[in-house]
Amino acid sequence: MKNISVIGAGTMGNGIAHTFAQFGYKVNLIDISEESLEKGLKTISGNLDRMVSKEKISESDKETTLNNISTFTKLEEGVKDADVVVEAATENEDLKMKIFRQLDESCRKDSILASNTSSIPITKIAAEVSNPERVIGMHFMNPVPIMKLVEIIRGYNTSDEVTKSIMELSEKLNKVPVEVNDYPGFVANRILMPMINEAIESLYNGVAGVYEIDTVMKLGMAHPMGPLQLADFIGLDVCHSILEVMYDGFKNPKYAPCPMLTNMVRAGKLGVKSGEGFYDYSENKKAEKVSAQFSK
């Protein structure tokens with residue numbers, strides 16, 4: 001497997017493309033927007049520059065990695081020769097279903113179709129293609145070039161052969177693949193999202209402030225990042241979407257998004273990507289705490 005297509009040039013997509021290209025794979029990075037593709041390549045180049053400055057790779061390695069990436073705005077052109085397709089589009093169920101229907105029409109019948117979804121059932125996604133045994137979840141962690149874990153999610157029909165191939169492929173990227181079964185939230189988000197949601201509930205109920213909650217978890221539980229800062233980093237809209245999927249899947253109120261999280265998403269306060277969430281990321285603030293304007 002040498003030809004990889006990655007759908008989506010956003011945070012996860014460009015990180016996945018970067019990682020495959022750095023390990024010698026030919027990568028087609030696909031997005032409907034030329035502007036998004038340019039932004040994605042700029043991000044990859046900047047991340048490679050940091051690796052060069054830290055002497056983790058050479059300038060020649062950087063150029064080779066960038067030369068391994070081609071960009072496409074038409075999905076059918078970008079996936080026609082793919083051995084593996086990794087879908088990393090926005091965490092929206094309707095969009096992902098549409099993409100997999102297109103992949104079923106445009107890819108070779110022996111291409112492996114993987115989704116980087118963080119919560120949507122792989123079995124449901126696989127139902128959109130004619131041979132669902134080739135569909136699997138390949139859930140990378142952010143930032144992809146650094147984080148070691150890849151959650152490998154088997155759908156109901158995913159074959160042993162496809163699972164084995166993707167486990168081996170992940171290891172070739174110097175990642176640690178962990179096989180899990182297809183339940184809402186899988187393992188990572190089934191555990192992480194209720195913790196983040198409970199941290200938001202604690203803020204919402206006035207138990208403590210943003211800094212205090214994050215400090216307790218960092219210093220008391222040895223977490224490298226507090227749950228509220230982590231939520232900002234993931235994207236509050238993404239957290240909200242994952243919790244809704246889990247709530248719908250389990251019908252358990254413990255997965256219902258906190259009203260404060262819902263209000264922040266409605267107000268466009270999405271964390272790092274919008275410049276403000278639980279912290280202020282604007283140039284003049286540099287990640288200071290924001291006021292509790294959404295607390296009640």
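Leaving aside its neighbours within four places in sequence, which residues is Ile200 in contact with? The legends below start with that residue and then tour the rest of this predicted model.

**View 1. Ile200 and its surroundings in helix 8**.
The answer to the opening question is Leu228, Cys258, Met260, Leu261 and Phe278, once neighbours within four places in sequence are set aside. Ile200 is found in helix 8. Because its relative accessibility is 0%, Ile200 counts as buried. For a sense of distance, look for Val265 too: its C-alpha atom is separated from that of Ile200 by 13 Å, and the two residues are 65 residues apart along the chain.

**View 2. Helix 12 and what covers it**.
Here the focus moves to the buried residues of helix 12, which are Met260, Leu261, Thr262 and Met264. Two of these, Met260 and Leu261, are also among the residues in contact with Ile200. What covers the buried residues of helix 12 includes helix 8 (188–204) and helix 11 (236–250). After helix 12 comes Gly268, which has a positive phi, near 80°.

**View 3. Thr262 and its polar partner His240**.
Thr262 has its place in helix 12, which covers residues 259–266. Is Thr262 buried or exposed? With 16% relative accessibility, under the 20% cut-off, Thr262 counts as buried. The side chain of Thr262 is joined to that of His240 by a polar contact of 2.9 Å. Apart from neighbours within four places in sequence, Thr262 is in contact with His240 and Pro257.

**View 4. Where domain 1 meets domain 2**.
Step back a little for this one: the protein is divided into domain 1 (3–181) and domain 2 (189–288). The centres of the two domains, taken over C-alpha atoms, are separated by 26 Å. How many residues of domain 1 are in contact with domain 2? Seven residues of domain 1 are in contact with five residues of domain 2. The size of an interface is often given as the accessible area lost when the parts come together. Between them, domain 1 and domain 2 bury about 510 Å², with 57% of this on carbon and sulfur atoms. Glu91, Ser118 and Ser119 are the ones to find here, since they supply 61% of the area that domain 1 buries against domain 2, more than any other three residues.

**View 5. Polar contacts across the domain interface**.
Across the interface of domain 1 and domain 2, the rule finds two residue pairs in polar contact. For salt bridges across this interface, the count is zero. On the side of domain 1 that touches domain 2, the residues by class are two nonpolar, four polar and one charged.

**View 6. Asp49 and Lys62, a salt bridge between two helices**.
Side chains of opposite charge can pair when their charged atoms come close. Asp49 and Lys62 form a salt bridge, and their closest N and O atoms are 2.6 Å apart. This pair links distant parts of the chain, with Asp49 in helix 2 (residues 34–53) and Lys62 in helix 3 (residues 59–67), 13 residues apart. Asp49 counts as partly exposed because its relative accessibility is 35%, while Lys62 is buried, with a relative accessible area of 9%.

**View 7. Further salt bridges**.
By the rule used, the model holds 15 salt bridges. One of them brings together the side chains of Glu91 and Lys96 at 3.7 Å, N to O, and both of these residues are buried. Glu91 is a familiar face from the domain interface, where it is one of the three residues that supply 61% of the area domain 1 buries. The side chains of Lys251 and Asp248 also meet in a salt bridge, at 3.6 Å, N to O. Lys251 and Asp248 are both exposed. Finally, Asp83, Arg108 and Asp110 are joined into one network by salt bridges that share partners.

**View 8. Ser106 in helix 5**.
Ser106 lies in helix 5, which takes in residues 93–106. Its relative accessible area is 22%, so Ser106 is partly exposed. Neighbours within four places in sequence aside, Ser106 is in contact with Leu75, Glu76, Val79 and Lys80. Glu212 gives a sense of scale: Ser106 and Glu212 are 51 Å apart in space, C-alpha to C-alpha, and 106 residues apart in sequence.

Notes
Residues are numbered from 1 along each chain as its sequence is written. This is a predicted model: local features need pLDDT of at least 70, side-chain atom pairs count only at pLDDT 80 or more; totals for chains, interfaces and linings use all residues. Side-chain values use heavy atoms; hydrogens and water are left out. Domain bounds come from an automatic or database domain assignment. Contact means heavy atoms within 4.5 Å. Buried area is the accessible area (1.4 Å probe) that two parts lose on being put together, summed over both. A salt bridge is a side-chain nitrogen of Lys or Arg within 4 Å of a carboxyl oxygen of Asp or Glu. A polar contact is a pair of N or O atoms within 3.5 Å; within protein, one must be able to donate a hydrogen and the other to accept it, and residues adjacent in sequence count only if both atoms are side-chain atoms. Ala, Val, Leu, Ile, Met, Phe, Trp, Tyr, Cys and Pro count as nonpolar, Asp, Glu, Lys and Arg as charged, and the others, Gly among them, as polar. Helices (H or I, at least four residues) and strands (E, at least two) are DSSP runs, numbered from the N terminus. Buried means under 20% relative accessible area, exposed over 50%, partly exposed in between (1.4 Å probe, protein chains only).
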